[in-house]
Amino acid sequence: MSGWKRPVIPAQRHGNLEPPGSVHDGAGAPSRVIDPPPSPRHHRGAAGPDHRPARHAAQRPAPAAQDGGPAPRSPRMQPTLVAVAHGSRDPRAPHAVEALLDRVRELRPRLDVRLGHIELNRPLLGDALREVSGSAVLVPLLLGRGHHVKRDLPASAARAAHLRTRIAAPLGPHPLLVEALYDRLLEAGWTPGAAVVLAAAGSRDPDSAADTRRSAALLSERLGGVAVVAAYACAAAPTVPDAVRALAARGHHRVAVASYFTAPGRFATQCAAAAPGPAAAPLGAHPALARLVLRRYDAALAAAVAGDQRELATA
């Protein structure tokens, strides 16, 4: 497919919630695509346990869009979805990620969905890619543009020379992500009017911080305009305790902490411990997050198809 090209993460334009994915297989500039906006109704999926038994990935190949996304191509042409998690020493993290991917598989039963970790957990991303043939879309289960999205994923894609690969945009910021944050806050006991600290891992990359602040702004809108401040566990300021103190100095004495983490881990636990009030759980297997994974996958495929069509039109 001529639309599958070198992985380059382009800069996100101001106000664009959908940074385009990137592609690998040779030369050429990546196509730009903006993920279509979600339905105006609330994406509050059905209730159910967040942790479900994992099924073997080889039993799940490809198509049928059941989440309102674009119509898929035939099963044989459907690239493998390789979800990329960071990895954690917390033993709960791999289970949370697998539970999320099981929800993705339920939404699209014939899609081949695999998992690879950047570090700390197996399978590592390189090992996962060696088990895939044909083509793959790497969907980072990361919440903003940082070193892993800009450097580690393109490097892994380039090393998988046997594959045609495309790298989807990170999960955040996006309205579906905000719906998951909103639900987790309600589950934790947040009450209207209480201020919120959006606790993230942190990064030295300014684009990552910008994405977290944008998610904080979207969450503020979803909560009816209450104060929402982005804060970090490391590498960026303010810290969660500093953000709590700053809100108290502004007269906000009811403060909850929203967990801007996909899965449990050291940073998520550290941020929750600093909460003076309710502390939300990580996003985990929230149904809106599963739909968002498929949105990112579909947007990356749409970019590849658009690139093919442009090349055919100019041939």
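# A guided tour of a predicted model

The protein chain has an accessible surface of about 13600 Å², and carbon and sulfur atoms hold 56% of that. Keep in mind as you look around that this is a predicted model.

**Stop 1: the whole chain**

Start with everything shown as a cartoon. You should find eight helices and eight strands in the protein chain. Now colour by burial: of the 315 residues, 54% are buried. Contacts tell you about the fold as well. Among those in the protein chain with a separation of 6 or more, 76% are between residues 24 or more positions apart.

**Stop 2: two packed helices**

Next, select helix H4, residues 175–188, together with helix H5, which covers residues 206–222. Two packed helices are described by the angle between their axes and the distance between the axes. For H4 and H5, the angle is about 60 degrees and the axes are 10 Å apart. An angle of that kind is neither roughly parallel nor roughly perpendicular, so H4 and H5 count as oblique to each other. The crossing of H4 past H5 is right-handed. To see the contact itself, show side chains: H4 brings Leu177, Val178, Glu179, Leu181, Tyr182 and Leu185, while H5 brings Ser215, Leu218, Leu219 and Arg222.

**Stop 3: two residues of H5**

Stay on helix H5 and pick Ser215. Is Ser215 buried or exposed? Its relative accessible area is 1%, and because the cut-off for buried is under 20%, Ser215 counts as buried. Which residues does Ser215 touch, leaving out those up to four places away in sequence? They are Pro173, Leu177, Val178, Leu198 and Tyr260.

Now move to Ala217, also in helix H5. Ala217 is partly exposed, with a relative accessibility of 32%. Try the distance tool from Ala217 to Val229: these residues are twelve apart along the chain, and their C-alpha atoms are separated by 8.3 Å.

**Stop 4: Tyr260**

Ser215 has already pointed you to Tyr260, so select Tyr260 next. Look for it in the loop that runs between strand E8 (255–259) and helix H7 (266–273). With a relative accessibility of 5%, Tyr260 is buried. Setting aside neighbours within four places in sequence, the contacts of Tyr260 include Leu177 and Leu181, two residues that H4 also uses in its contact with H5. Also in contact with Tyr260 are Leu143, Gly172, Pro173, Leu198, Ala199, Ala200, Asp211, Thr212 and Ser215. For one more distance, draw a line from Tyr260 to Tyr232: they are 28 residues apart in sequence, with C-alpha atoms 9.5 Å apart in space.

**Stop 5: the loop between E3 and H2**

Before you zoom in on the loops, here is some background. Most residues other than glycine have a negative phi, and most peptide bonds are trans. Now select the loop between strand E3 (113–117) and helix H2 (125–130), where Pro123 sits. The peptide bond joining Arg122 and Pro123 is cis, with omega about 0 degrees. Leu120 is in the loop between E3 and H2 too. What is the sign of phi at Leu120? Phi there is positive, about 75 degrees, although Leu120 is not a glycine. The relative accessible area of Leu120 is 43%, which makes it partly exposed.

**Stop 6: the loop between E7 and H6**

Then go to the loop between strand E7 (228–232) and helix H6 (240–249), and find Pro238. A cis peptide bond leads from Ala237 to Pro238, and its omega is near 0 degrees. In the loop between E7 and H6 you will also find Ala235. Ala235 is not a glycine, yet its phi is positive, near 70 degrees. With a relative accessible area of 40%, Ala235 is partly exposed.

**Stop 7: a pair of cysteines**

For the last stop, select Cys234 and Cys271. A disulfide is a covalent bond between the sulfur atoms of two cysteines. How many disulfides does the structure hold? The count is zero. Cys234 is in no disulfide, and the nearest cysteine sulfur to it belongs to Cys271. Why is there no bond from Cys271 to Cys234? Their sulfurs are 8.9 Å apart, which is too far for a bond; a disulfide would need them within 2.5 Å. Their surroundings can be compared as well: Cys234 is partly exposed at 30% relative accessibility, whereas Cys271 is buried at 3%.

Notes. Residues numbered from 1 in each chain as written. Predicted model: local features only at pLDDT ≥ 70, side-chain atom pairs only at ≥ 80, totals over all residues. Heavy atoms only, no water. Helix = DSSP H or I, 4+ residues; strand = E, 2+ residues; numbered from the N terminus. Buried < 20%, exposed > 50% of the residue type's maximum accessible area, 1.4 Å probe, protein only. Contact = heavy atoms within 4.5 Å. Areas by Shrake-Rupley, 256 points an atom, 1.4 Å probe, with all protein chains shown as cover. Axes fitted to C-alpha atoms, helices over the stretch in contact; angles between N-to-C directions. Parallel < 35°, antiparallel > 145°, perpendicular 65-115°, else oblique. Left-handed = near helix turned anticlockwise from the far one by under 90°.
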